[in-house]
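Reader: I would be grateful for a close look at a single part of this protein, beginning with one of its salt bridges. Please follow the elements on which that bridge rests and then place them within their surroundings.

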Amino acid sequence: MRGEPSCPKCGGRVRAPGLFADSWQCDAHGSVHPLQPVVPPSVEALGVVVHRSRVPVWMPWPLPVGWLFTGVAYAGDDRSGGRATAVACSGPGPLGGIGELLLVAEELGVGLGARYAGIDGLDPGSGMAIEKPPQTKVLAAGRPTPLWHVSGAPHDRAVFAGEARGLWLWAIVWPEQSGLLMYDELVLTDLRDAGAEVELLPCGALTPRLLG
């Protein structure tokens with residue numbers, strides 16, 4: 001488990017603001033919003049991210065039957081707040097076995113979603129064919145939200161992206177065939193708007209997907 005902030009785009013080391021720069025710096029990507037160390041999933045850890053975030057903290061809510069919360073990460077610092085969030089959960093896949101879902105909300109250019117999706121660049125970009133009808137929709141904070149399949153990702157996962165609350169929304173699913181989960185009218189809640197029922201959230205072990 002990492003103990004220092006890292007680059008949200010490549011996972012490399014970053015330098016804190018100092019005499020010569022007023023933002024976090026990555027040698028490869030310049031100014032970045034640092035990805036904070038990932039800690040084991042708990043209601044308390046999730047609450048810290050929710051409190052600090054300036055972007056949605058999306059989660060299927062209620063969780064599908066048998067699913068568990070398996071981790072949360074965010075990019076940002078105490079000064080800027082969370083500019084990207086990633087929430088992981090896992091449970092029975094639609095075709096058997098275990099499925100994993102990672103939901104990322106982020107501002108333009110942060111690069112966290114693309115990193116977890118395993119694609120080049122910072123945003124969905126040319127991999128999201130928005131001139132075609134969306135492949136699926138979710139209900140995000142009560143609003144029907146179209147998502148497009150993003151091409152160019154590794155074959156072990158299915159990647160979808162769209163826009164919710166004026167920000168990127170990524171849905172990354174492992175294994176690839178568990179992407180069928182995204183065709184079931186998934187209901188997403190921004191946990192910044194959730195109530196005390198979140199305290200009953202079932203937690204599992206930390207997924208290594210957040211550490212990759």
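**A salt bridge and its surroundings**

Author: In this predicted model, the side chains of R83 and E107 are joined by a salt bridge, and their closest N and O atoms lie 3.1 Å apart. Because R83 belongs to strand β6 while E107 sits in the loop between β7 and α2 (112–117), the pair ties together parts that are 24 residues apart in sequence. The two partners may also be described by their cover. R83 has a relative accessible area of 17%, and therefore counts as buried. E107 has a relative accessibility of 22%, which means that it is partly exposed. A search of the whole structure finds seven salt bridges, of which the pair of E107 and R83 is one.

The strand that holds R83 leads directly to its partner strand. β6 (residues 81–92) pairs with β7 in the antiparallel sense, over nine bridges. Within this pairing, S90 has E100 in β7 as its bridge partner. The two strands form a hairpin with five residues between them, and G96 in this hairpin takes a positive phi near 95°.

β7 itself spans residues 98–106 and is mostly covered, with eight of its nine residues buried. β7 also pairs with β11, again in the antiparallel sense, here over seven bridges. In that pairing, I172 in β11 is the bridge partner of L102. β7 is thus paired with β6 and with β11.

E100 deserves a second look. Besides standing in a bridge pair with S90, E100 meets R209 in a salt bridge, at 3.1 Å from N to O. This pair links distant parts of the chain: E100 is in strand β7 and R209 in the segment after β12, 109 residues apart. E100 has a relative accessible area of 17%, so it counts as buried. R209, at 30%, is therefore partly exposed.

β6 has a further neighbour in helix α1. In this helix, which comprises residues 43–52, the buried residues include A45, L46, V49 and V50. These residues cover an arc of only 135° around the axis, so they lie on the same side of α1. The face turned away from the buried side carries the exposed residues E44 and H51. Among the elements that cover the buried residues of α1 are β4 (58–60), β5 (68–77) and β6. The strand that carries R83 thus also takes part in covering the helix.

From β11 the description can be carried on to the surface. Y183 is placed in the loop between β11 (167–174) and β12 (187–190). Y183 has a relative accessibility of 43%, and so it counts as partly exposed. Together with L95 and L180, Y183 forms a nonpolar surface patch with about 320 Å² of accessible area in total.

β12 in turn pairs with β8, in the parallel sense and over two bridges. Here A140 stands opposite L188 in β12. β8 covers residues 136–140 and has two unlike faces: T136, V138 and A140 make up the covered one, K137 and L139 the uncovered one. In a regular strand, side chains alternate between the two faces of the sheet. β8 also runs antiparallel to strand β9 (residues 143–149), to which five bridges join it. L139, on the uncovered face of β8, is opposite P144 in β9. The hairpin formed by β8 and β9 has two residues between the strands, and A141 in its turn has a positive phi of about 55°.

One more salt bridge completes the account. R192 and D190 meet through their side chains at 2.8 Å, N to O. D190 has 1% relative accessibility, and therefore counts as buried. R192, at 32%, is by the same reasoning partly exposed. Salt bridges that share partners join these two residues with R165 and D193 into one network.

In summary, the salt bridge between R83 and E107 connects strand β6 with the loop between β7 and α2. Around the bridge, β6 pairs with β7, β7 pairs with β11, and β6 is among the elements covering the buried residues of α1.

Methods:
Residues are numbered from 1 along each chain as its sequence is written. This is a predicted model: local features need pLDDT of at least 70, side-chain atom pairs count only at pLDDT 80 or more; totals for chains, interfaces and linings use all residues. Side-chain values use heavy atoms; hydrogens and water are left out. Patches are made of residues with over 30% relative accessible area and no salt bridge: like charges are joined within 9 Å, nonpolar side chains (Val, Leu, Ile, Met, Phe, Trp, Tyr) within 5 Å. Accessible areas come from the Shrake-Rupley method with a 1.4 Å probe; for residues, only the protein chains shown count as cover. A salt bridge is a side-chain nitrogen of Lys or Arg within 4 Å of a carboxyl oxygen of Asp or Glu. Helices (H or I, at least four residues) and strands (E, at least two) are DSSP runs, numbered from the N terminus. Buried means under 20% relative accessible area, exposed over 50%, partly exposed in between (1.4 Å probe, protein chains only). Two strands pair if DSSP finds at least two bridges between them. The arc is that of the directions from the helix axis to the C-beta atoms. Contact means heavy atoms within 4.5 Å.
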